[in-house]
Amino acid sequence: MRQAITAWALAAAASAGAAELTPTETLWLRGAAPVLAAAEARGLPLDIVVQPQPAGGLAPLALGFVDGRCKFVLSMRSNPEAEATLERLPAGHENAAFELMAAHEIAHCERHVQGAWHGPVAASADAQRQAMAAERREEAWADLAGLAWIQARRPAEYAALHAWLVAERRRERVPGSEHDTLDWVDAAAGGLDTAAPAAAAAALWARVAAAAR
């Protein structure tokens, strides 16, 4: 089954314009394949995009939304952050980390498709602050969705992946910035309801978001 999933992800990436995938791109796609296959099975409008040009300064993995379709974008060529991220992966849990990162991006996709991305931002003097707070909530939603995936699919690895995500969010943290999601991630330290991890993550997200307002 995993071979079939991997073959689908690699074929989709190849058809997206990357004539030859690099070893780093192949590694990330193999790790993300279960999440991508699950997204396809749910009918999400998802395209895999592999940037062929040098991508220094960009996030190695990101999610775009263009003309009603989600773009799962790999920007890894001549990108030091792609290799640095690999070096920071939790030893022995690399595939779980790839899945968490992919689930994070797919959560953004689902929010776009559902029309739930962000919320209305008032045209006022503090509009920029409100926009940043909205971005922060979206990133927190995606972090918790990634943890919910791990809780559902790899529960024995949850503690290790949670610790890794905490370390990532503490690294070069800028309080109040869009990736400052520690309030939410810390609240998930004890794990999520194993019977319904996605629902538990949504409830936790709403509770912390309300407290942060």
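The largest cavity of this structure holds about 40 Å³ of space. The model you are looking at is predicted, so please read what follows as a description of that model.

**The enclosed cavity**

The structure holds one cavity of 30 Å³ or more. If you would like to find the largest cavity on screen, select Trp28, Leu29, Ala32, Leu61, Phe72, Leu74 and Phe98, which line it. By class, this lining has seven nonpolar residues, with no polar and no charged ones. Helix α2 gives the most to the lining, with three residues, and both α2 and β3 (69-74) supply at least two residues each.

**Where α2 meets α3**

Helix α2 is worth a second look for its contact with another helix. The axes of α2 (residues 23-41) and α3 (residues 80-88) come within 11 Å and cross at roughly 50°. The two helices are therefore oblique to each other, and α2 passes α3 in a left-handed crossing. On the α2 side the contact is made by Thr24, Leu27 and Trp28, and on the α3 side by Ala82, Glu83, Thr85 and Leu86. Four of these contact residues are nonpolar, two are polar and one is charged. Trp28 thus appears in this contact and also in the lining of the largest cavity.

**The two pockets**

Now for the open spaces, set side by side here.

| Pocket | Volume | Lining residues by class | Top contributor |
|---|---|---|---|
| Largest pocket | about 800 Å³ | twelve nonpolar, six polar, twelve charged | α4, six residues |
| Second largest pocket | about 420 Å³ | 15 nonpolar, one polar, four charged | α5, seven residues |

Which residues lie nearest the centre of the largest pocket? Of the 30 residues that line it, those are Ala59, Leu61, Glu168, Arg169 and His179. Leu61 is also one of the residues that line the largest cavity. The elements that each supply at least two residues to the lining of the largest pocket are β2 (61-66), α3, α4 (94-114), α5 (127-153) and α6 (158-170).

The second largest pocket, with a volume of about 420 Å³, is lined by 20 residues, and the closest to its centre are Glu110, Ala145, Ala148, Trp149 and Ala198. Two or more lining residues come from each of α4, α5 and α8 (197-212). Helices α4 and α5 are also among the elements that supply at least two residues to the lining of the largest pocket.

Terms used:
Residues numbered from 1 in each chain as written. Predicted model: local features only at pLDDT ≥ 70, side-chain atom pairs only at ≥ 80, totals over all residues. Heavy atoms only, no water. Axes fitted to C-alpha atoms, helices over the stretch in contact; angles between N-to-C directions. Parallel < 35°, antiparallel > 145°, perpendicular 65-115°, else oblique. Left-handed = near helix turned anticlockwise from the far one by under 90°. Contact = heavy atoms within 4.5 Å. Nonpolar A, V, L, I, M, F, W, Y, C, P; charged D, E, K, R; others polar. 1 Å grid on protein atoms, 1.4 Å probe; cavity = no way out; pocket = protein on both sides within 12 Å on 5 of 7 lines; lining within 4 Å. Points joined across faces, edges and corners; volume = space filled by probe spheres on them.
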